[in-house]
Amino acid sequence: MAEQQEQAAPDAMMTRIGQVVMLHHGGDREEARGRFLDLWGEIGEGGDPLHRCTLAHYLADTQDDPADELAWDLRALSAAEELTDGDGDVAERHRSLAARAFYPSLHLNLAADYVKLGRSEAARSHLRRARGAAGALGNDPYGDGVRAAIGRLELRLDGAGPSHGGPGEDPGSVEGPGSVERPGPFGGSGGETLGPPRQCP
């Protein structure tokens, strides 16, 4: 009974995060940001790294200031690194594999952040790390989308692609598909990935 309750709690938090992601995708950015911050307050700086990684990843997309977006994306990466450090039990190893599959998207988002901040060398560094981690992606729409986004940002940084979007547009910030319908923490079918790429440069 206690074991079932322990398993239900992480699922409940992921469901709550997924509900706010849907709210954000529906266009209510300010409300989503407030609710994400409330959830962050519940989880806390020392909370479950998978929850912190997922929440910070999506919280970044609600920020108005690129420096704030970068700060949240760095928190997401730091939490993912906590998940992939050490050798836990079978459940922890499964969560570690899920986090590794998220690294390409995490580094891609950081590269896009640095592009917005005019820090091209930092952007290139994270883009190389995204490309290096892409082997963890499956041959599915999620993996294809992340790999394509990496390629587009590589072209842009090499000067072969468009340097910017329209007025007031982030460098290629295109929302991915609704994460609650995907397998993983929002879909509840095993946590194969942590969600879609938040930005597709």
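## Helix α3, boxed in

In α3, the buried residues are P49, L50, H51, R52, C53, T54, L55, A56, H57, Y58, L59 and A60. Buried here means under 20% relative accessible area, with exposed being over 50% and partly exposed in between (1.4 Å probe, protein chains only). Twelve of the twelve residues of α3 make that cut, so this helix is largely enclosed by the rest of the structure. Helices (H or I, at least four residues) and strands (E, at least two) are DSSP runs, numbered from the N terminus.

How does the length of α3 check out? At 1.5 Å a residue its twelve residues should span 16 Å, and the end C-alpha atoms are indeed 16 Å apart, which agrees. The expected span is 1.5 Å times one less than the number of residues. D48 sits in the loop between α2 and α3 and is partly exposed, with a relative accessible area of 22%. Its C-alpha lies 9.6 Å from that of E82, though D48 and E82 are 34 residues apart in sequence.

## What you're looking at

This is a predicted model: local features need pLDDT of at least 70, side-chain atom pairs count only at pLDDT 80 or more, and totals for chains, interfaces and linings use all residues. Residues are numbered from 1 along each chain as its sequence is written, and side-chain values use heavy atoms, with hydrogens and water left out.

The chain has seven helices and zero strands, so to speak of its order is simply to read α-α-α-α-α-α-α from the N terminus on. Of its 201 residues, 46% count as buried. The accessible surface comes to about 9,600 Å², and carbon and sulfur atoms hold 51% of that; the areas come from the Shrake-Rupley method with a 1.4 Å probe, and for residues only the protein chains shown count as cover. Among contacts (heavy atoms within 4.5 Å) with a separation of 6 or more, 62% are between residues 24 or more positions apart.

## A tryptophan pair

The structure holds one aromatic pair. W40 and W72 meet edge-to-face, 4.9 Å centre to centre and with 85° between the planes. W40 is in helix α2 (residues 29-43) and W72 in helix α4 (residues 66-84), so the pair ties together parts that are 32 residues apart in sequence. For the cut-offs: rings of Phe, Tyr and Trp (its six-membered ring) pair if their centres lie within 6.5 Å, and planes under 30 degrees apart count as stacked, over 60 as edge-to-face and the rest as tilted.

Both partners are tucked away: W40 is buried at 10% relative accessibility, and W72 is buried at 9%. R75 lies over the face of W72, 4.2 Å from the ring centre. That label needs NZ of Lys or CZ of Arg within 6 Å of the ring centre and within 35 degrees of the ring normal.

## P104 and helix α7

P104 belongs to helix α5 (residues 90-116) and is buried at 0% relative accessibility. Beyond residues up to four places away in sequence, P104 touches A130, A133, A134, L137 and V146. The C-alpha atoms of P104 and A130 are separated by 4.1 Å, with their positions 26 residues apart along the chain.

V146 is also one of the buried residues in α7. Just after α7, G159 takes a positive phi of about 85°.

## Where to go easy

The mean pLDDT (the predictor's confidence in each residue, from 0 to 100) is 76, and 66% of residues reach 70 or more. It is below 50 over residues 1-10, a stretch with one contact beyond near neighbours in sequence.
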